[in-house]
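Here is a short report on a single chain and the site around its ligand. Look at the structure first, then read on.

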Amino acid sequence: MMRLAYLTPFLLLACCLQSASAQVTSQDFDKIMLYTLKNSNGLTIKVTNYGAIITSILVPDRDGEMGDIALGYDSVEDYTNAVDKPYFGAVVGRYGNRIAEGKFTIDGEDYTLAVNNGPNHLHGGVIGFDKVVWDAKPVGDNSLELTYVAKDMEEGYPGNLKCKVTYTLTDDNELKIHYEATTDKTTPVNLTQHTYFNLKGEGNGTILDHELMLNAKKFTPVDEGLIPTGQLVDVAGTPFDFTTAKPIGRDIEEADEQLNFGGGYDHNWVLDKGGKDGEMTLAARVSEPSSGRVLEVFTTEPGVQFYCGNFLDGRLTGKAGKPYVYRGGLCLETQHFPDSPNQPNFPSTLLEPGEKYDTTTVFRFSTE
Ligand code: BGC
């Protein structure tokens with residue numbers, strides 16, 4: 001039987017975070033809790049309602065040895081104080097990934113978002129969904145439901161957006177993430193999960209030896225600010241070809257303009273949906289030879305941002321006290337494509353009043 005094993009206070013943040021938009025108060029911080037999902041095989045996932053962050057994922061290696069494969073922290077202060085705020089484990093939104101210059105137009109109306117990544121908007125702005133306190137409700141014995149209402153014009157986005165993210169840990173060793181949202185004004189929405197995985201265990205070196213398969217024959221190349229050019233380009237014959245599994249480090253140092261812009265892999269791949277738009281398909285498979293751990297990612301989304309921790313530099317120290325080194329974790333952020341609000345050829349990310357945003361991503365853990 002899966003069960004929600006226990007609730008413990010996560011850590012109260014004494015001071016109060018203020019923003020013109022999200023208005024996170026000390027009372028909100030009083031509500032911060034840490035929840036544990038555990039299945040019958042002993043897989044254990046910890047989630048806090050601060051940022052809907054997955055703080056820990058304990059899974060066995062091929063010998064049954066448990067290891068924590070998610071980068072993160074034990075206390076909420078470590079999240080709020082982290083240099084460069086790398087979004088460890090968080091749900092990012094209202095728009096995960098970049099929007100060029102934080103600008104877009106809907107029905108002739110211009111909107112300007114908070115700009116927090118050079119000239120561009122990234123992961124929902126200065127106080128995105130990763131930095132607010134969600135309401136949490138355990139559902140049944142294996143799910144946690146997190147809700148957050150983003151206000152009209154919060155970080156510059158139109159419409160009150162009611163969001164619900166449900167984490168479910170199954171006895172098949174799957175973590176299912178169900179995202180839902182409704183709005184009262186047309187708005188772009190792109191929610192994703194920003195866990196950094198290291199299948200050797202958090203803090204145990206780089207992920208360059210992990211073998212990755214991406215179910216994608218095309219990717220969306222970017223400019224130097226990591227904004228898509230609008231093209232969909234074949235990966236064949238480039239370092240971006242992961243259609244057959246290969247070690248992440250194999251081609252990463254090749255002289256290539258796109259690798260140069262990303263400082264490594266930090267791009268959106270266009271998933272081969274085989275005509276199954278909106279259906280759950282395999283997006284990625286990662287395996288790590290020494291532990292035998294395997295992660296498979298399934299999603300209803302059309303894209304996945306594969307980011308290999310190019311901005312980690314050893315300054316952040318994780319749960320076991322080990323530094324998170326350069327390329328010490330990888331993210332597989334299932335999503336719509338970056339900058340979609342300004343890219344007429346990309347699938348639309350606009351949610352209209354009366355519609356429901358409804359996407360699902362599954363992380364399946366196994367060994368080989
Ligand atoms: C982005 C990176 C960014 C990182 C933040 C990723 O989703 O693609 O460019 O630096 O998030 O940690």
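Over how many bridges do β24 and β25 pair, and in which sense? They pair over five bridges, in the antiparallel sense. Two strands count as paired if DSSP finds at least two bridges between them. Strands are DSSP runs of E with at least two residues, helices are runs of H or I with at least four, and both are numbered from the N terminus.

This is a predicted model: local features need pLDDT of at least 70, side-chain atom pairs count only at pLDDT 80 or more, and totals for chains, interfaces and linings use all residues. Residues are numbered from 1 along each chain as its sequence is written.

**The sheet.** β24 and β25 belong to an open sheet of five strands, in the order β19-β18-β21-β24-β25, with antiparallel pairing. The edge strands, β19 (233-234) and β25, each pair on one side only. Within the β24 and β25 pair, Gln305 stands opposite Glu333 of β25.

**The ligand shell.** Pro86, Tyr87, Leu226, Asp266, Gln305, Tyr307, Phe311, Cys331 and Glu333 surround the ligand (C-beta atom, placed from the backbone, within 6 Å of it). The elements that give two or more residues to this shell are β24 (303-307) and β25 (331-335). By class, the shell holds six nonpolar residues, one polar and two charged. Ala, Val, Leu, Ile, Met, Phe, Trp, Tyr, Cys and Pro count as nonpolar, Asp, Glu, Lys and Arg as charged, and the others, Gly among them, as polar.

**The annotated pair.** An unreviewed UniProt entry lists His194 and Glu333 under "active site". Such annotations may be inferred rather than shown by experiment. The two span 140 residues in sequence, yet their C-alpha atoms are not more than 6.0 Å apart, so they gather at one spot.

The table gives the place of each and its C-beta neighbours inside 10 Å.

| Residue | Place | C-beta neighbours inside 10 Å |
|---|---|---|
| His194 | loop between β16 (192-193) and β17 (211-214) | 23 |
| Glu333 | strand β25 | 25 |

Both His194 and Glu333 count as buried (20 or more other C-beta atoms within 10 Å; exposed is 12 or fewer, partly exposed in between).

Contacts are C-beta pairs within 7 Å. Leaving aside neighbours within four places in sequence, His194 contacts Tyr87, Gly89, Ala90, Val92, Cys331 and Glu333. On the same terms, Glu333 contacts residues including Gly96, Thr192, His194, Gln305 and Tyr307.

**The whole chain.** The chain has three helices and 27 strands. Of its 368 residues, 48% count as buried.

Conventions
Contact = placed C-beta atoms within 7 Å.
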